[in-house]
Amino acid sequence: MPAPPEFLKFIDDNADAFIRRLGEAVAIPSVSSDASHRGDVVKMAHWLNGQLKDLGVDTKLVDLGKHVMDGQELDLPPAILGSIGNDPKKKTVLLYGHFDVQPALKSDGWDTEPFKLVVHPTNGQLIGRGSTDDKGPILGWLNVLQYHADNKKELPVNLKFCFEGMEESGSEGLDDVVKKEAQPGGYFSGVDCVCISDNYWLNTRTPVLTYGLRGLTYFKLTVSGPARDLHSGVFGRTVHEPMTDLVMLLSKLVDNRGSILIPGVEDMVPPPTDEERAIYERLDYSISDIEASAGASIAVSSEKVEVLMGRMRYPSLSIHGIEGAFSEAGAKTVIPAKVSGKFSIRLVPPQTPELVDPLVHAYLKSEFAKLGTKNVLLIEGLHGGKPWVTDYNHWNFEAAKLATEAVYQKTPDLTREGGSIPVTLTFADSLGVNVLLLPMGRGDDGAHSTNEKLDRSNFIQGSKLLGTYLYELAALAGRK
């Protein structure tokens, strides 16, 4: 059952208003990984809660407790639970999204202020931190609700909402809430399926439905030695230098083609079946797509399937940065007293943080011992999440496929995503229902990067897609 024509027209007619609302959301710098912005994450929670209530959703803010970040105890931002509709004859769909964002400074290389939504004058791109990850998709659901509220129309399905403000920092505190509310009589009791819009097309052409996500385990390595920073002219080649030890250690983790050097990590993953390889071969994707998205001709292989499986099906290890080292303009001749390197491993089934972390710790300690240094190594796990794969032959995916074909006149590709959404597996395990990833944005949106954007067409057509998906679900429920 396609969405009513008047719904599609409503989305088109109100596009400018919807973009202004997205601008309000982007203007709140809800960076969950920065303690100085914790108040902004809470502000974003209250802003979104108010929007939902104005559109007829019964909501509640859930206290998730406290956590420690960089040695400071902080209140976790509240999660938002919402509900609209309770018709026992209708399917009940749980919608998840997150309203926190990655850090962003104009000095990072942004062409515009990251927390001011800018509409590009020629191509209509909506540029701003959180535009595609994940404020745009959340507001897509608000746009669907707006039509039904303004026109006093019943939704075709019952909806439950779960929106959080810590996804970019490991979804701390949310797992316990989901597990509790999934119990009989809980807030999520009776949910038939889950839909998450927090990922992206592979390219700029073809919509996708996603049936798998990589997990994550994130590490911080700290090497310390002297009591204070030292002068390299006085102490160079006379003491063990923490930076040298750290760089040596980081160089032992991964090679320049992406192969993980930690023994046992890659051995956990079985080889692909012929059926799996066929899925990757059919995808509308090319090496030029990934290189266009990266902005340079730097793909590790010219083989499409190898690159796609490297992104989706195999684990990867990336080194993210070093704290404590001199990084400003000029030439400071200092030996840092303490430096910290950060890296993460993206995990795939059957890997989990519980299985991989002991291998990482043992390997790092062994390699550090080989250096023969007198410096001290501290290994910390910052956060992690398990990978997830689901059945793409489920009616939940069928409804999304029909909706995509109705809105975009294209059959969507089936993908596994390289990124991580920690709570996805928790929903699947706790509720025992199918979870669908239905992305709004394109593969070149630059989530987590500078100049993050969401194309105007994806925001507007994507809002139509989300609404049409609900109508297709209702139609399938009536036939099954």
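How many bridges join strand E11 to strand E16, and in which sense do the two strands run? In this predicted model, 9 bridges join E11 to E16 (residues 376–385), and the two run antiparallel. One of the facing pairs is Leu216, which stands opposite Gly385 in E16. E11 also pairs with strand E15 (residues 338–347), again in the antiparallel sense, over 10 bridges. Here Thr222 is placed opposite Ser340 of E15. Strand E11 itself spans residues 215–224, and 9 of its 10 residues are buried, so this strand is largely enclosed by the rest of the structure.

A histidine makes contact with this region. His361 lies in helix H11, which covers residues 353–370. Leaving out residues up to four places away in sequence, His361 touches Phe219 and Ile379. Is His361 buried, partly exposed or exposed? Its relative accessibility is 25%, and it therefore counts as partly exposed, since the buried class ends at under 20% and the exposed class begins at over 50%. The C-alpha atom of His361 is separated by 9.2 Å from that of Glu380, a residue 19 places away along the chain.

Another set of paired strands is built around E9, which comprises residues 193–196. In the general case, the side chains of a regular strand alternate between the two faces of the sheet. In E9 both faces are covered: Cys193 and Cys195 point to one side, Val194 and Ile196 to the other, and all four are buried. Strand E5 (residues 92–98) pairs with E9 in the parallel sense over 4 bridges, and Tyr96 has Ile196 as its bridge partner in E9. Strand E19 (residues 434–437) is likewise joined to E9 by 4 bridges and runs parallel to it. In that pairing, Cys195 stands opposite Leu436 of E19.

The nonpolar interior can be considered next. The largest nonpolar core holds 66 residues, and those touching the most other members are Leu145, Leu159, Phe459 and Tyr469. Which helix supplies the largest share of this core? Helix H14 (residues 456–479) does, with 10 residues. Tyr469 has contacts with residues distant from it in sequence: apart from its neighbours within four places, its contacts include Cys193, Val194 and Cys195, as well as Trp141, Ala399 and Leu436. Among these, Cys193, Val194 and Cys195 are buried residues of strand E9. There is also a second, separate core of 29 residues, whose members include Tyr96, Leu174, Ile196 and Phe427.

Two helices are packed against one another elsewhere in the model. The axes of helix H1 (residues 5–13) and helix H4 (residues 135–150) come within 10 Å and cross at roughly 115 degrees. The crossing of H1 with H4 is right-handed. On the H1 side the contact is made by Glu6, Phe7, Phe10 and Ile11, and on the H4 side by Asn143, Val144, Gln146, Tyr147 and Asp150. By character, the residues of this contact comprise 5 nonpolar, 2 polar and 2 charged.

A further sheet is open and has 3 strands, in the order E6-E7-E20, with antiparallel pairing. Strands E6 (118–119) and E20 (453–455) stand at its edges; each has a single partner strand, so one side of each lacks a neighbour in the sheet. E6 pairs with E7 (residues 125–127) over 2 bridges in the antiparallel sense, and Val119 stands opposite Leu126 in E7.

Finally, some features of the backbone deserve attention. In general, most residues other than glycine have a negative phi, and most peptide bonds are trans. Where, then, does the model contain a cis peptide bond between two aspartates? Such a bond joins Asp133 and Asp134, with omega at about 5 degrees, and Asp134 belongs to the loop between E7 and H4. The peptide bond from Pro349 to Pro350 is also cis, with omega near 10 degrees; Pro350 is placed in the loop between E15 and H11.

The loop between E19 and E20 contains His448 and Asn451. Although not a glycine, His448 has a positive phi of about 75 degrees. Asn451, also not a glycine, has a positive phi of about 55 degrees. With a relative accessible area of 42%, His448 is partly exposed, and Asn451 is partly exposed at 23%.

Key. Residues numbered from 1 in each chain as written. Predicted model: local features only at pLDDT ≥ 70, side-chain atom pairs only at ≥ 80, totals over all residues. Heavy atoms only, no water. Pairing = 2+ DSSP bridges. Core = buried A, V, L, I, M, F, W, Y, C linked by side-chain atoms within 4.5 Å. Buried < 20%, exposed > 50% of the residue type's maximum accessible area, 1.4 Å probe, protein only. Contact = heavy atoms within 4.5 Å. Axes fitted to C-alpha atoms, helices over the stretch in contact; angles between N-to-C directions. Left-handed = near helix turned anticlockwise from the far one by under 90°. Nonpolar A, V, L, I, M, F, W, Y, C, P; charged D, E, K, R; others polar.
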